[in-house]
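Here is a set of short exercises to work through with the model open beside you. Try each task before reading its solution.

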Amino acid sequence: MRLTRQHRTHPARPPANAAPWWRWPAAAPIVLAYLVAYLAAARWEHLLTQTVGLAPWSPRAGLSLALLLLLGLRFTPVALAAELAAGLLLVPGSRPGWLLLDAAVTALAWAATAAVLTGRLRIDLSLRAPRDLGRLLLIGVAAAPLAVALARAGVTAASGSLPRDLGGTVAAWWAGNAVGVVLVAPLLLALVARCRPSGTAAGQAAVHHGLTLPAALDEAAWRPRRGRVETAAQVAAIAALPLTGLFLPAALRPPLLAACFAPMVWAAVRRGLADAAAAAAATGLALAGALALHPASPAAEVADLQAFLLVAAGATLWVGVLADARAAGIERGRQLQAVLDAAPDSVATVDRTGRLLYLNQAGRQLLGLSRLEPVAGRLLSDLLPQLAARLATQIGLGPEQWTGATTLTSDGRRIPLGHVAVAHQGPGGRVEAVSAFSRDLSETRRLEAELAASAERLDEQRMHLATITTHMPVALLVAGVDGTCVRAEGLALASLGTKAAVLEGASLFQALEGHDQLVGDFCQAAAGNAVSSWATVGDTVLETHFRPVVGRNGKVKQVIGLLGDVTEQVRAEASAADLQARLDALQAGRDALADAGTVRTLTAWLRHLEIMEEELAEGRPVTALGPVKHTLERVLEAGGDPSGPQAEDAEVVLDGTSVEIVVDDAEVVEVAEHDTPTAEEAVADDAPVAVDDPEAVVIEAGQPS
């Protein structure tokens, strides 16, 4: 991974001297506990030195290394201060300058060790993986204590107090620091890991980001829970065996050390690294206490005890971390099985002979098997013959994947299946098993068919729309709410003075500049309102419809506009209105002409009566036609002026002859001539009687209907 130029650090990892996210809240308690424990350990070492001549192991080395690993290199001055304070309190006659130099060398050595472990090697401080524990033992137990011992020997030689056996003293210092690191540092790291919100790196990141993970992912979930009886037995064995050395002679104490290894391994196998470290530290304290209370040969016993604790503690820690790794693997297997059982696809694992090793719940449902029916050992060919035949030919596919499709016949129904097969290789690269992931493709095929039908209908609709926009004077506009045109087509675009290729991708506000009506309608539609109106563009009249397209979130996504050229329709409607006006005028003229014809008819009759009057004047009384003339004049006046008095029906008898003129709507309808009834008939019929002239003319005028 390439390092960044600015910080020269791994882009996904913090720098080595940076404290993790959880360190700072716990810094004060950890520092306080460290100082107290460091001074107590220094006092304990001082007492052992006074009793047996040399402390078998130094807890201060493990305390300093654990502090710098947990809190970071910024706390190196704390380690320096603790070492200096211990020297001043326990060795009052020493010179402060040499004590300060010795404390500085020791603190810098442990700081360098912590920098290598957390910076270069990037170990996981919870020590879940054997690799992390191995690096800690290699650097923190082997190399760092040796460097500290050599540096302290140099300081001692410079101060003028060089011991007589320098090699033995340096070896004793190295062994004491190494045992202190192996007994204390893993214990403290494991305990802090247990106290964290989550013991895994994924858990740390989840808590850092405010997330939570299942309990199965937490490190504490990897630890097997044991009964109280077993716990009590382990504690008794770890404490009793070292104390037995108080009552044994010196010759029998070496076999006792070997016996003390058994309960340590027992705790490591059953409880993992944290309890293994606790068992090792308790055994070391008990053995050192027994040695101080009943020393026989102090120098030889200290060397034997250091060698035993270094080997036994290292082996115990290694067994504990392997137990943790095994428990973690089992837990991950359970999690994986739970995930596979919850998967909607069928998952089947077969060995090289084609026998089932695992089948998840979806596979059981697909094959019609019950939830608890055993399937391990059954031949895959009995359940999925087509898939078994394919996998038999793919058993040597190695790390590659195989994909294919088969058909399962169940209850007379053919079920299409899609498969993905992955080979699992053994230690020698030989394929030991194959896992096949199968999916029922029935619903997928149905959806694909529906999608194809929908796509075909969509193509047809697009073709219909293209036909309409190509041959009809309409235009289609589709634009976003910001005015960016997405689609434009149709013949009516020519009336806007633009083309589809120019509009698509451009802003409608710029393309429709000068057409305020269209821009206003678009803005209303973008606000969520449907608008229909008319717009005049030059000599062209457009009928416009703008509609908003609302998404599932309730917001307007697009605006669809439909423009129709209705210029010819408007012109046709104007021509029709003009023709209707002309027709109304002609009808009025016709009515006027009809009224004028009635007047002429009556005038002609009036003139005819005047002529008749002149002719009758020669031999008959002139006044006989007077009533007829008077009636016609009244009819003429009524016909010429409809608002004037209307002519009434009248009957005129002249010389015994009845002339009947019927006028309807000021028009002469009928003129008839009949005999005049006798007096008796007239009396019987209520008819007028002519006394003087038997040949009177009767004229009857009727009111208009």
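Two strands count as paired if DSSP finds at least two bridges between them. With that in hand, strand β6 (residues 474-480) and strand β10 (residues 556-565) qualify, since seven bridges join them, and they run antiparallel. Please keep in mind that this is a predicted model.

**Exercise 1. Get an overview**

Task: Find how many helices and strands the protein has, and what share of its residues counts as buried.

Solution:
- Step 1. The secondary structure comes to 21 helices and 13 strands.
- Step 2. Of the 705 residues, 39% count as buried.
- Step 3. Now look at contacts with a separation of 6 or more: residues 24 or more positions apart account for 57% of them.

**Exercise 2. Lay out the sheet**

Task: Work out the order of the strands in the open sheet of five, and say which strands lie at its edges.

Solution:
- Step 1. The order is β7-β6-β10-β9-β8, and the pairing is antiparallel.
- Step 2. The edge strands are β7 (485-489) and β8 (531-537), as each of them pairs on one side only.
- Step 3. Direction ignored, neighbouring strands of this sheet are turned by 20° against each other on average.
- Step 4. At the β8 end, seven bridges join β8 to the antiparallel strand β9 (residues 540-550). To find your place there, look for T536, which stands opposite V541 in β9.

**Exercise 3. Follow β6 and its two partners**

Task: Which residues of β10 and β7 stand across from L477, and are the faces of β6 covered or open?

Solution:
- Step 1. Toward β10, L477 stands opposite G561.
- Step 2. Toward β7, the bridge partner of L477 is A488. β6 and β7 pair in the antiparallel sense over four bridges.
- Step 3. The hairpin of β6 and β7 has four residues between the strands, and G483 takes a positive phi there, near 95°.
- Step 4. In a regular strand the side chains alternate between the two faces of the sheet. That is the pattern to use when sorting the residues by face.
- Step 5. On one side of β6 are V474, L476, V478 and G480, on the other A475, L477 and A479; all are buried, and both faces are covered. Put as a count, seven of the seven residues of β6 are buried.

**Exercise 4. Find the buried side of α18**

Task: Identify the buried residues of helix α18 (residues 516-526) and say what covers them.

Solution:
- Step 1. The buried residues are L518, D521, F522 and A525.
- Step 2. They lie on the same side of α18, because they cover an arc of only 100° around the axis.
- Step 3. The spacing fits a general rule: an α-helix has 3.6 residues a turn, so residues three or four places apart point the same way.
- Step 4. Among the elements covering the buried residues of α18 are β6, α17 (508-511), β8, β9 and β10.
- Step 5. After α18 comes G528, whose phi is positive, near 105°.

**Exercise 5. Explore the cores**

Task: Which residues touch the most other members of the largest nonpolar core, and which helix gives the most to this core?

Solution:
- Step 1. The core has 67 residues, and Y34, L69, L183 and L309 touch the most other members.
- Step 2. Helix α6 (residues 166-195) gives the most to this core, with ten residues.
- Step 3. For a closer look at Y34, leave aside its neighbours within four places in sequence: Y34 is then in contact with L63, S64, L67, V78, A79 and A82.
- Step 4. There is also a second, separate core of 22 residues, including L356, V375, L384 and A388.

**Exercise 6. Check the cysteines**

Task: How many disulfides does the structure contain, and are C260 and C485 buried or exposed?

Solution:
- Step 1. A search of the whole structure finds zero disulfides.
- Step 2. C260 is buried, with a relative accessible area of 1%.
- Step 3. C485 is also buried, at 3% relative accessibility.
- Step 4. C485 and A511 are 26 residues apart along the chain, and their C-alpha atoms are separated by 9.6 Å. A511 lies in helix α17 and is partly exposed, with a relative accessible area of 30%.

Conventions:
Residues numbered from 1 in each chain as written. Predicted model: local features only at pLDDT ≥ 70, side-chain atom pairs only at ≥ 80, totals over all residues. Heavy atoms only, no water. Disulfide = S-S within 2.5 Å. Buried < 20%, exposed > 50% of the residue type's maximum accessible area, 1.4 Å probe, protein only. Core = buried A, V, L, I, M, F, W, Y, C linked by side-chain atoms within 4.5 Å. Helix = DSSP H or I, 4+ residues; strand = E, 2+ residues; numbered from the N terminus. Contact = heavy atoms within 4.5 Å. Axes fitted to C-alpha atoms, helices over the stretch in contact; angles between N-to-C directions. Arc of directions from axis to C-beta.
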